[in-house]
Amino acid sequence: MAAMIEVRNVSKAFGGVQANRGISLDVAKGRITGLIGPNGSGKTTLFNSIVGYHPIDEGSIKFEGREISKLRVPQIARLGMLRTFQQTRIYGKMNCIKNMLISVPHRSMGLVEIFGDHSAQELEKAEHLLEFVGLYAKRKLQAGDLSFGQQKLLEFAMALMNQPQILLLDEPTAGINPTLINGLIDRLKRANTEFGITLFVIEHNMRVIMNLAENIYCLAHSELLAEGSPETIQKDKRVIDAYLGAH
Amino acid sequence: MSISRRTLGLYGGIAIASLVAPFVFDTYISQLTVLWVMVLFAITWDAMGGQMGYNSLGNIFFFGAGMYISAVVQIGLHYDVAQYTAAYGAIKVDFTQAQYHVGLVLGTIVAALGSVVLAVVLSWVVFGLRGPYFAIGTLGIALAAGELVGAWEYVGAGSGISLPVFPGEPEVGERFFYFAFFIAAVLSFFFFRWLYGTRFGLAINAIRDDEEKAEAMGIRTMRYKTITWALSAFFLGICGSLFGNYNIFIEPLEVAFATVVFGIPMVVMALLGGKGTLWGPVIGAILYHVIKEATWKYFLGWQWVALGLLIVVTVVFFQQGIMGWAQDKWPELFGIEVEEDSAEGDREAA
Ligand SMILES: Nc1ncnc2c1ncn2[C@@H]1O[C@H](COP(=O)(O)OP(=O)(O)OP(=O)(O)O)[C@@H](O)[C@H]1O
Ligand SMILES: [Mg+2]
């Protein structure tokens, strides 16, 4: 299996807090990979390291074979690797459509394009994707007025608008109404199969991640604890202990 | 860009009023002239502060820079600038009509471009700063520029430079500058109106709402910030060049880099009218200017106290400004929707 992201021996500390220690993992191209672990185990920190949000202390991170650990967030984003935020970030004073229109890929945006207006296709695509996540009726509302769960959906739609190769999702179902979670899982899977986007997903909801991911990594105490298919992870004694706080 | 009948009527009304005002209210022509300067100030400030969320306290720098650049060009075309300033006004310029106008146009062009260059260079320094640090950093640039120019003999240091007087009748000169500022303000209004309708406008709004998110989405934030700052500088450079000639005499602290009289009011006007809106800065500038002239007339001696009070009230209690308040009250009028459209709700994905 070709790896889209190769993380090798990555460590990151904040002052005295070692948030990631010697982590190595692969995210398989075209697949859905999960990342689980107790609160504070270093999942978000690893995402931040991968997308260039902060420099890492040691190790190597490759994206499609290219070393990216020295690149910055916008550069990595333009290479086609996007992330969503655990705290959910959208452009609050702009309506949903505008949030979508400014999320077009910025890879090839030259001076002529930036002073132009959006194209009809872009608008159509924006509306289509809002429909895809179930926000079409709210498309003209200010994004800041949406509920937390709706903002999560909008953020997901914005990421799709950007046509990334890989999407790193930090707890996509947190705050989503439980009755809507199945629909969201379905959309995440469709983003993977229909749009061909590789997904790397942090998730606390076990049912969701078991249902979604083909391969799961588990972090605990800043280190990689286990790796495997949902079935093996589910039965792994160390994972169960970590979640039950048996350490 | 589609313009509705109502908007067209509004623009027509403003245009006619602006064209006849200097003739009908000719005793107030200097106040009317400065009104357009204030409008241009508020519009250019709002591009940075209102639309992009970077509250600059130093935009006056480009006004002053444009003023000095233009003066040096205009004088330099016919005299040795160092000798001219060293003579403290003993050398009287004597330009023909043609020399005057060529100098003014050339000076204004160089001022506009020079301000753009300065903005691009300074962007490397200031855009490393965020929030209040950006505000203070830009203020520092304006204050430092005033001090530096005040110590620079070549441009007359603290005693400034006398500029050529408009060739012709004084009334004609007054009208000439009234319309020059009017045109500059109108051009900047329509330019930014257009800009906010492009992808560029969306990008700077995104930077305002969440710059970190914008970076995470791959937006080249630095490029947008630099260009916005440079565009503000462009129009301020033009305005500064015109103002130096209008004022005939320029000096660093009271005219060119006048932070208290012009620099701070840029912010106040935009806040008062409603930052981040198209008309807010224009309305704020008109209101501020009228209030300012009224306090000068009726509360002389207390004018800065009255204006200070206005600033405090605006900043503390009325940050959304007039247009912001109106948008909250009548969102439909501004094309903002607060209700989801139920009619098309069935398009929602099942
Ligand atoms: N910017 C930071 N500065 C200091 N410490 C940090 C910072 N970011 C994370 N940490 C610390 O690093 C550790 C790992 O945090 P991280 O956010 O990566 O955990 P997580 O696995 O995402 O947890 P959760 O499931 O609660 O989101 C924690 O102890 C946290 O306090
Ligand atoms: Mg986290």
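This report walks through a metal site, a bound ligand, some empty spaces and a few helix details in a predicted model.

**The magnesium ion and its two donors**

Let's start with ligand 2, the magnesium ion. On the protein side, the ion is held by Thr44(A) through OG1 and by Gln86(A) through OE1, at 1.9 to 2.1 Å. These two donors come from distant parts of the chain, 42 residues apart. Thr44(A) belongs to helix α1 (residues 43-50) of chain A, while Gln86(A) is found in the loop between β6 (81-83) and α3 (96-101) of chain A.

Both donors have some accessible surface. Thr44(A) has a relative accessible area of 25%, so it counts as partly exposed. Gln86(A) also falls in the partly exposed class, because its relative accessibility is 29%.

The helix that carries Thr44(A) is another story. With 7 of its 8 residues buried, α1(A) is largely enclosed by the rest of the structure. The buried ones are Lys43(A), Thr45(A), Leu46(A), Phe47(A), Asn48(A), Ser49(A) and Ile50(A). Just past the end of α1(A) there's a backbone detail to look at: Gly52(A) has a positive phi of about 85°.

**Around ligand 1**

Both magnesium donors turn up again at ligand 1. There are 14 residues around this ligand, and those that come nearest are Lys43(A), Thr44(A), Thr45(A), Gln86(A) and His204(A). Lys43(A) and Thr45(A) were also among the buried residues of α1(A).

Here are some polar contacts, two made by the ligand and the backbone and one by the ligand and a side chain, followed by two contacts within chain B that come up again at the end.

| Residue and atom | Partner | Distance |
|---|---|---|
| Gly40(A), backbone N or O | oxygen of ligand 1 | 2.8 Å |
| Ser41(A), polar backbone atom | oxygen of ligand 1 | 3.3 Å |
| Gln86(A), side-chain N or O | oxygen of ligand 1 | 2.8 Å |
| Ser18(B), side chain | backbone oxygen of Ile14(B) | 2.5 Å |
| Thr228(B), side chain | backbone oxygen of Tyr224(B) | 2.7 Å |

So the side chain of Gln86(A) does two things in this model: its OE1 is a donor to the magnesium ion, and an N or O atom of the side chain lies 2.8 Å from a ligand 1 oxygen.

**Closed spaces**

Now for the gaps. Rolling a water-sized probe over the atoms shows where empty space remains. How many cavities of 30 Å³ or more are there? The count is 2.

The largest cavity holds about 70 Å³. Its lining is made up of Thr84(A), Lys152(A), Leu153(A), Glu155(A), Phe156(A), Leu169(A), Pro172(A), Leu184(A) and Leu188(A). Two helices of chain A, α6 (148-161) and α7 (178-193), each bring at least two of the lining residues, and α6(A) gives the most, with 4. Sorted by class, the lining has 6 nonpolar, 1 polar and 2 charged residues.

The second largest cavity, at about 50 Å³, is lined by residues of chain B: Ile43(B), Asp46(B), Phe189(B), Phe192(B), Tyr196(B), Thr277(B), Leu278(B) and Pro281(B). At least two residues each come from α2 (29-51) and α7 (170-195) of chain B. Its lining splits into 6 nonpolar, 1 polar and 1 charged.

**An open pocket in chain B**

Moving from cavities to pockets, the second largest pocket has a volume of about 760 Å³. Of its 32 lining residues, Ser18(B), Leu32(B), Leu35(B), Trp36(B) and Ile286(B) are closest to the centre. Four helices of chain B, namely α1 (5-24), α2, α7 and α12 (280-298), each add at least two residues to the lining. Which helix gives the most? That's α12(B), with 9 residues. The lining is made of 27 nonpolar, 3 polar and 2 charged residues.

**Two hydroxyl side chains in helices**

Ser18(B), one of the residues closest to the pocket centre, sits in helix α1 of chain B. Ser18(B) counts as buried because its relative accessibility is 6%. Its side chain reaches the backbone oxygen of Ile14(B) at 2.5 Å.

Thr228(B), in helix α9 (residues 221-247) of chain B, makes a similar kind of contact, with its side chain 2.7 Å from the backbone oxygen of Tyr224(B). Is Thr228(B) buried or exposed? Its relative accessible area is 1%, so Thr228(B) is buried.

Terms used. Residues are numbered from 1 along each chain as its sequence is written. Chains are lettered from A and ligands numbered from 1 in the order in which they are written. This is a predicted model: local features need pLDDT of at least 70, side-chain atom pairs count only at pLDDT 80 or more; totals for chains, interfaces and linings use all residues. Side-chain values use heavy atoms; hydrogens and water are left out. Donors are N, O and S atoms within 2.8 Å of the metal (3.2 Å for Na, K and Ca); water is not among the atoms, so sites may look incomplete. Buried means under 20% relative accessible area, exposed over 50%, partly exposed in between (1.4 Å probe, protein chains only). On a 1 Å grid over the protein atoms alone, a cavity is a set of points where a 1.4 Å probe fits but cannot get out, and a pocket is an open set with protein on both sides within 12 Å along at least five of seven lines; lining residues have an atom within 4 Å of a point. Grid points are joined across faces, edges and corners, and a volume is the space filled by probe spheres set on the points. Ala, Val, Leu, Ile, Met, Phe, Trp, Tyr, Cys and Pro count as nonpolar, Asp, Glu, Lys and Arg as charged, and the others, Gly among them, as polar. A residue is near a molecule or strand if one of its heavy atoms lies within 4 Å of it. A polar contact is a pair of N or O atoms within 3.5 Å; within protein, one must be able to donate a hydrogen and the other to accept it, and residues adjacent in sequence count only if both atoms are side-chain atoms.
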